Amino acid sequence: MSTRAWKTLPALILLAGCATTGPKTPGDPYEGFNRKMWKLDEGLDKAVMKPVAKGYIAVMPHPVRHGLSNMLDNVTEPFSFINGLLQGKPKRALNSLGRFVINTTVGIGGFMDVAGRNGYPKTPEDLGQTFAVWGAKKSTYLVLPFYGPTTIRDGIGTVASQWVDPYRIVIRKELSFWPAAGLTAFEFVDARANLIDSGADSLLDSSADSYAVARSAYLQHRQAQIEDRDDASGATGDDAALNAALDDLGPDNAAAPAADAAAPAATVPTPDQPQPAPAPAPAPQDGTSPK
């Protein structure tokens with residue numbers, strides 16, 4: 001799958017819920033072709049991507065992996081800023097620009113999502129969303145070999161972005177072939193590792209029709225992004241674990257950071273998931289009722 005598809009699939013699957021199949025699915029006229037490509041991608045994933053991602057997880061500490069993922073997200077912010085302007089959404093555009101400036105400086109090149117913890121949630125925008133705002137709101141679902149779920153609209157946007165995304169322009173101009181290829185390979189491995197961390201693999205593996213689940217999830221998620229229903233606020237659980245681990249490495253490793261570091265780095269809940277209720281206060285030792 002594409003890097004973008006891998007990164008969004010955990011949220012997509014959680015959004016999908018239960019998907020059913022039928023003889024004809026609206027928006028998927030090429031279902032026969034798409035299912036063949038899905039099987040091909042599944043085979044390639046099991047043979048190559050998943051084993052490599054598992055090896056990466058085994059050798060790389062989670063806080064470091066999450067920090068590197070943050071850096072990959074950070075370099076997409078300038079293009080989100082451009083697309084926000086193209087869509088006539090100055091608030092989201094400035095939010096993306098603010099995230100890039102804050103995380104690139106205070107966040108050590110984006111390693112830490114400082115902006116997310118200070119009122120600048122992730123608001124990703126891409127050319128596919130821009131085309132939708134410009135009028136292409138519905139598009140035919142398509143699964144491509146090596147690329148994964150997309151639509152004709154989003155696929156065209158992805159190809160075009162290779163030539164207009166500032167990050168891709170810099171990579172193409174400043175890096176020779178092999179370093180650029182190595183960076184692209186790392187993006188895929190990182191995204192696949194995040195998918196494993198999310199637990200989405202188990203849901204797909206246990207599904208009676210993984211193709212239908214992924215299709216439903218992808219289309220729902222893209223629609224949510226187009227309608228700006230993808231806002232998230234605050235730092236994620238992974239960022240909290242990362243910051244706690246970094247605090248432990250610093251000189252001021254007091255009791256409070258150490259306690260934070262002990263918190264499990266669980267799968268990051270999506271905005272659609274209910275947050276766990278706070279734990280009840282412990283009963284006093286003298287037998288009196290808590291206030």
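This text walks through salt bridges, a cavity, a surface patch and some backbone details of one chain.

The model is a predicted one. Residue numbers start from 1 along the chain.

Start with charge pairing. Side chains of opposite charge can pair when their charged atoms come close. The cut-off here is a Lys or Arg side-chain nitrogen within 4 Å of a carboxyl oxygen of Asp or Glu. By that rule the structure holds 20 salt bridges. Three of them are followed below.

Take aspartate 28 and arginine 215. Their side chains form a salt bridge, with N and O at 2.8 Å. The partners come from distant parts of the chain, 187 residues apart. Aspartate 28 sits in the loop between H1 and H2, while arginine 215 belongs to helix H11, residues 210-226. Both aspartate 28 and arginine 215 are buried. For arginine 215 the relative accessible area is 5%. That falls under the 20% limit, so arginine 215 counts as buried.

Arginine 215 also has a backbone relation to look at. Its C-alpha atom lies 8.9 Å from that of threonine 150. Along the chain, arginine 215 and threonine 150 are 65 residues apart.

Next comes arginine 35. This residue forms a salt bridge with aspartate 209, and the closest N and O atoms are 2.9 Å apart. Arginine 35 lies in helix H2, and aspartate 209 lies in the loop between helix H10 (200-206) and H11, so the pair ties together parts that are 174 residues apart in sequence. The two ends differ in exposure class. Arginine 35 has 26% relative accessibility and therefore counts as partly exposed. Aspartate 209 has a relative accessible area of 16%, so it is buried.

The third pair is a local one, within helix H2. The side chains of lysine 39 and glutamate 42 meet in a salt bridge, at 3.9 Å from N to O. Why is the separation of lysine 39 and glutamate 42 about one helical turn? Because they are 3 residues apart in helix H2. Lysine 39 is exposed, at 58% relative accessibility. Glutamate 42 is partly exposed, at 23%.

Now put some pairs together. Salt bridges that share partners join Asp28, Glu31, Arg35, Asp209 and Arg215 into one network. The two long-range pairs described above have their residues in this network: aspartate 28 with arginine 215, and arginine 35 with aspartate 209.

Turn to the space inside. Rolling a probe the size of a water molecule over the atoms shows where empty space is left. How many cavities of 30 Å³ or more does a search of the whole structure find? The search finds 1. The volume of the largest cavity is about 40 Å³. Its lining is made by Asn70, Asp73, Asn74, Glu77, Arg99, Asn103, Gly110, Asp113 and Lys122. Helix H3 (62-74) and helix H5 (90-105) each give at least two of these residues. H3 provides the largest share, 3 residues. What is the chemical character of the lining? There are 4 polar residues, 5 charged ones and no nonpolar ones.

The surface offers a contrast in chemistry. Tyr30, Phe33, Ile152 and Ile156 make a nonpolar surface patch of about 380 Å². Tyrosine 30 lies in the loop between helix H1 (3-16) and helix H2 (31-59). This is also the loop that holds aspartate 28. Tyrosine 30 is partly exposed, because its relative accessible area is 42%.

Then look at threonine 151. This residue is part of strand E2, residues 148-151. Threonine 151 is buried, with a relative accessible area of 2%. Its C-alpha atom is 4.3 Å from that of tyrosine 141, a residue 10 positions away along the chain.

Two loop residues close the tour. Phenylalanine 146 lies in the loop between strand E1 (141-144) and E2. Its phi is near 70 degrees, a positive value in a residue other than glycine. At 60% relative accessibility, phenylalanine 146 counts as exposed. Isoleucine 108 sits in the loop between H5 and helix H6 (127-133). Here phi is positive too, about 55 degrees, and isoleucine 108 is not a glycine. Isoleucine 108 is exposed, with a relative accessible area of 55%.

Key:
This is a predicted model: local features need pLDDT of at least 70, side-chain atom pairs count only at pLDDT 80 or more; totals for chains, interfaces and linings use all residues. Side-chain values use heavy atoms; hydrogens and water are left out. Patches are made of residues with over 30% relative accessible area and no salt bridge: like charges are joined within 9 Å, nonpolar side chains (Val, Leu, Ile, Met, Phe, Trp, Tyr) within 5 Å. Accessible areas come from the Shrake-Rupley method with a 1.4 Å probe; for residues, only the protein chains shown count as cover. Helices (H or I, at least four residues) and strands (E, at least two) are DSSP runs, numbered from the N terminus. Buried means under 20% relative accessible area, exposed over 50%, partly exposed in between (1.4 Å probe, protein chains only). On a 1 Å grid over the protein atoms alone, a cavity is a set of points where a 1.4 Å probe fits but cannot get out, and a pocket is an open set with protein on both sides within 12 Å along at least five of seven lines; lining residues have an atom within 4 Å of a point. Grid points are joined across faces, edges and corners, and a volume is the space filled by probe spheres set on the points. Ala, Val, Leu, Ile, Met, Phe, Trp, Tyr, Cys and Pro count as nonpolar, Asp, Glu, Lys and Arg as charged, and the others, Gly among them, as polar.
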